[in-house]
Amino acid sequence: MKKGKVSLGLQWLTTGVSTTLVLILLGAVLFFLLFAHKLSDSVKEDLTVSVLISDATEQQELDRFRKTLSETPFIKSIQYISKEKALQEQIEAMGNDPSEFLGANPFTASLELQMKSEYSNSDSLMWISTFLKQQPCVEDVIYQKELVDAINKNIHRLSYLLLAVAALLLLISFALINNTVRLSLHAGRFVIRTMKLVGASRGFIRQPFMKRSFSLGFLSAIFANGILYGGIHVVVRYDAGLTAYIDNTMLVCVGGAVLLLGLSLTLLCTYFSVNKYLRMKACDVY
């Protein structure tokens, strides 16, 4: 009897280790998915829309226009570039002064707009550009349409790839955990058969196995989260710049998802495995 208990305990320990490793893999994929989304938002918000201001625009009119833009839902930040500043940036970049041989400053004042990530796509930028061009003080609106399309296309491809990998890993994880749980329950099939013979209900028979699986899933998720957080902490210490894309909300989402997956997978697998032995005939048990 003691040897059987030790064997059963080792089987559940093996199941716990296997479940922890699977949850680490699933958590890592989910983390990279959220990280890629955060990174894509940052890239989108770095795209600049240049609004060229007419030379006839007075300062009061420009101030009103800037205030109107700041109240719109699609703009994250606004930077005003005067004609003089634009000329100075050109001189620093090229090493010469175009106004010397042109006789005048060839640049116009502009507003450099950073859009919120959800508006940094071709459709949104098209109607935003139309809206801006209708303003009397706007001379032209310039943005890199090809770059916007390329970025959004690549981001969508990466998102679909990560989602496909996550779905595939979820199916594989269910199969792996289901097999390990079934193996661990195999030694308890005689207990299930005995309880069934004395008239115990299916719910009563399942209860101790479901409780054990709940503890197994919970502890596996805790260990998996601990390893994941430790790995993220090491990576962040190696490159502090990553903190711009990793926040507490992301970590809570990953930790919560790993805990939910750990509990759900182990409980579901145990439920189906116990039901298998409950339906099993006496000759199949032996």
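## Helices and the model

Helices, here runs of at least four residues assigned by DSSP, are numbered from the N terminus. The structure described in this report is a predicted model. With that numbering in hand, Leu-219 can be placed in helix H8, which covers residues 202–238.

## A nonpolar patch on the surface

Which residues make a nonpolar surface patch of about 500 Å²? The patch is formed by Phe-214, Phe-218, Leu-219, Ile-222 and Phe-223. One of these residues, Leu-219, has a relative accessible area of 48% and is therefore partly exposed, since the exposed class begins over 50%.

## Salt bridges

Side chains of opposite charge can pair when their charged atoms come close. In this model the count comes to three salt bridges.

In one of them Asp-247 is joined to Lys-38, and the closest N and O atoms are 3.0 Å apart. Asp-247 lies in the loop between H8 and helix H9 (248–279), whereas Lys-38 belongs to helix H1 (residues 2–45), so this pair ties together parts that are 209 residues apart in sequence. Asp-247 counts as partly exposed at 27% relative accessibility, and Lys-38 is also partly exposed, with a value of 31%.

Another salt bridge brings together the side chains of Glu-45 and Lys-76, with 2.8 Å from N to O. Because Glu-45 lies in helix H1 and Lys-76 in strand E2 (residues 75–81), the pair ties together parts that are 31 residues apart in sequence. Is each partner buried or exposed? Glu-45 is buried, with a relative accessible area of 19%, which is under the 20% limit for that class, while Lys-76 counts as exposed at 52% relative accessibility.

Lys-145 and Asp-149 also form a salt bridge, in which the closest N and O atoms are 3.0 Å apart. These two residues are four residues apart in helix H6 (residues 145–186), so they are separated by about one helical turn. Lys-145 is partly exposed, with a relative accessible area of 35%, and Asp-149 is partly exposed as well, with 30%.

## Aromatic pairs

A pair of aromatic rings is described by the distance of the centres and the angle of the planes. A search of the whole structure finds seven aromatic pairs.

Among them, Phe-31 and Phe-32 are arranged edge-to-face, with 5.8 Å from centre to centre and 65 degrees between the planes. Phe-31 is buried, at 12% relative accessible area, whereas Phe-32 is partly exposed, at 49%. Both residues belong to a cluster in which ring pairs link Phe-31, Phe-32, Phe-35 and Tyr-245.

Phe-74 and Tyr-119 form an edge-to-face pair too, with their centres 6.1 Å apart and 65 degrees between the planes. This pair links distant parts of the chain, since Phe-74 sits in the loop between helix H2 (59–70) and E2, and Tyr-119 sits in the loop between strand E3 (110–115) and helix H5 (122–133), 45 residues apart. Phe-74 is buried, with a relative accessible area of 4%.

## Cysteines

How many disulfides does a search of the whole structure find? The search finds zero disulfides. Two cysteines can nevertheless be described by their accessibility: Cys-137 counts as buried at 3% relative accessibility, and Cys-269 is buried too, with a relative accessible area of 0%.

Definitions and conventions:
Residues numbered from 1 in each chain as written. Predicted model: local features only at pLDDT ≥ 70, side-chain atom pairs only at ≥ 80, totals over all residues. Heavy atoms only, no water. Disulfide = S-S within 2.5 Å. Buried < 20%, exposed > 50% of the residue type's maximum accessible area, 1.4 Å probe, protein only. Patch = residues over 30% accessible without salt bridge, like charges linked within 9 Å, V, L, I, M, F, W, Y side chains within 5 Å. Areas by Shrake-Rupley, 256 points an atom, 1.4 Å probe, with all protein chains shown as cover. Salt bridge = Lys/Arg side-chain N within 4 Å of Asp/Glu carboxyl O. Phe/Tyr/Trp six-rings, centres within 6.5 Å; stacked < 30°, edge-to-face > 60°.
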